[in-house]
Amino acid sequence: MAAPMVRGLVRAAAYSRCPAAAYHARPLGLSPVSRPLGPDSPGRKRFAAAGSASGVEAASLWPGPGELRSLVRHQADWQPPLHALCASIQAAGTERRQRQRHRQKLIAANMAKMPKMVEEWRREKREAKVKQREEKARRDRLLAEARERFGYSIDPRNVKFQDMVKELEKEEKKKQKLIKRRKNVEAGAGASEAVTAAATP
């Protein structure tokens, strides 16, 4: 007794999962007589199966002038002639080869620049390391000087340390200016001696 009920429930569940209509209604507004006889129309199929015994006039199977014009337009749009297809394929191939040549030239130019770029990168890395070492040495020197001046280790973020660094930088700038002036004076004196030596016979 339970088995038929289970079978019925299983069938109902299967139909509910994939419903299928057994009846397909004809679209509204189009009767079979007024529908144009396209390539898949029933009239053509009947004529193909039974010939003149099907009752379909053979003249009605040929496309009319309007349908013929639309077919020609469709064929021109979607089915270009062979020479146009060949020309478009050839143009696409030419463009692809040109892009590939351009890419190969770019790669060759970049590869030619590569050793110089690598050398520049290495030089920059060396300069950065040297600068980092110099900065560390300067910081250590400043910390040692601060320890010597204040008598104890001081934090680099301390205000006293910052003031001391500013004073040392001012002194360093003054020294640099004096050295520059001396060089200019010596260069001027050397040039004047050369002029006087050239003037005297």
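The protein chain of this predicted model has five helices and zero strands. Read along the sequence, the pattern is α-α-α-α-α. Of the 201 residues in the protein chain, 8% are buried. Among contacts with a separation of 6 or more, 10% join residues 24 or more positions apart. The exposed area of the protein chain is about 18,200 Å², and carbon and sulfur atoms supply 60% of that area.

**Helix α4**

Helix α4 covers residues 82–150. It has 69 residues, and the distance from its first C-alpha to its last is 95 Å, close to the 102 Å expected at 1.5 Å a residue. The helix has a kink of about 40° at M114, shortly before the proline P115. The buried residues of α4 are G93, L142, L143 and A146. After α4 comes G151, which has a positive phi, near 85°.

**E145 and its contacts**

E145 also belongs to α4. Is E145 buried, partly exposed or exposed? With a relative accessible area of 26%, E145 falls between the 20% limit for buried and the 50% limit for exposed, so it counts as partly exposed. Leaving aside residues up to four places away in sequence, E145 touches M164 and L168. M164 is 19 residues from E145 along the chain, and their C-alpha atoms are separated by 9.3 Å.

**Salt bridges**

The whole structure contains six salt bridges. Three of them are listed here with the relative accessible area of each partner.

| Salt bridge | N to O distance | Relative accessible areas |
|---|---|---|
| R126 and E119 | 3.5 Å | R126 45%, E119 41% |
| E135 and R138 | 3.6 Å | E135 46%, R138 28% |
| D140 and K136 | 3.6 Å | D140 37%, K136 55% |

R126 is partly exposed, and E119 is partly exposed too. In the pair E135 and R138, E135 counts as partly exposed and R138 is likewise partly exposed. D140 is partly exposed, whereas K136 is exposed.

How are E135 and R138 placed relative to each other in helix α4? The two residues are three apart in that helix, which means that about one helical turn separates them. D140 and K136 lie four residues apart in α4, again about one turn of the helix. An α-helix has 3.6 residues a turn, so residues three or four places apart point the same way. The salt bridge between E135 and R138 is also part of something wider: E135, R138 and E169 are linked in a network of salt bridges.

**A nonpolar patch**

On the surface, L68, L71 and V72 form a nonpolar patch. Together these residues have about 260 Å² of accessible area. One of them, L68, is found in helix α3, which spans residues 65–78. L68 has a relative accessibility of 43% and therefore counts as partly exposed, being under the 50% that exposed requires. The same value is over the 30% required of a patch residue.

How values were computed. Residues numbered from 1 in each chain as written. Predicted model: local features only at pLDDT ≥ 70, side-chain atom pairs only at ≥ 80, totals over all residues. Heavy atoms only, no water. Buried < 20%, exposed > 50% of the residue type's maximum accessible area, 1.4 Å probe, protein only. Contact = heavy atoms within 4.5 Å. Patch = residues over 30% accessible without salt bridge, like charges linked within 9 Å, V, L, I, M, F, W, Y side chains within 5 Å. Areas by Shrake-Rupley, 256 points an atom, 1.4 Å probe, with all protein chains shown as cover. Salt bridge = Lys/Arg side-chain N within 4 Å of Asp/Glu carboxyl O. Expected span 1.5 Å × (residues − 1). Bend = angle between axes of the 7 residues up to and from the residue.
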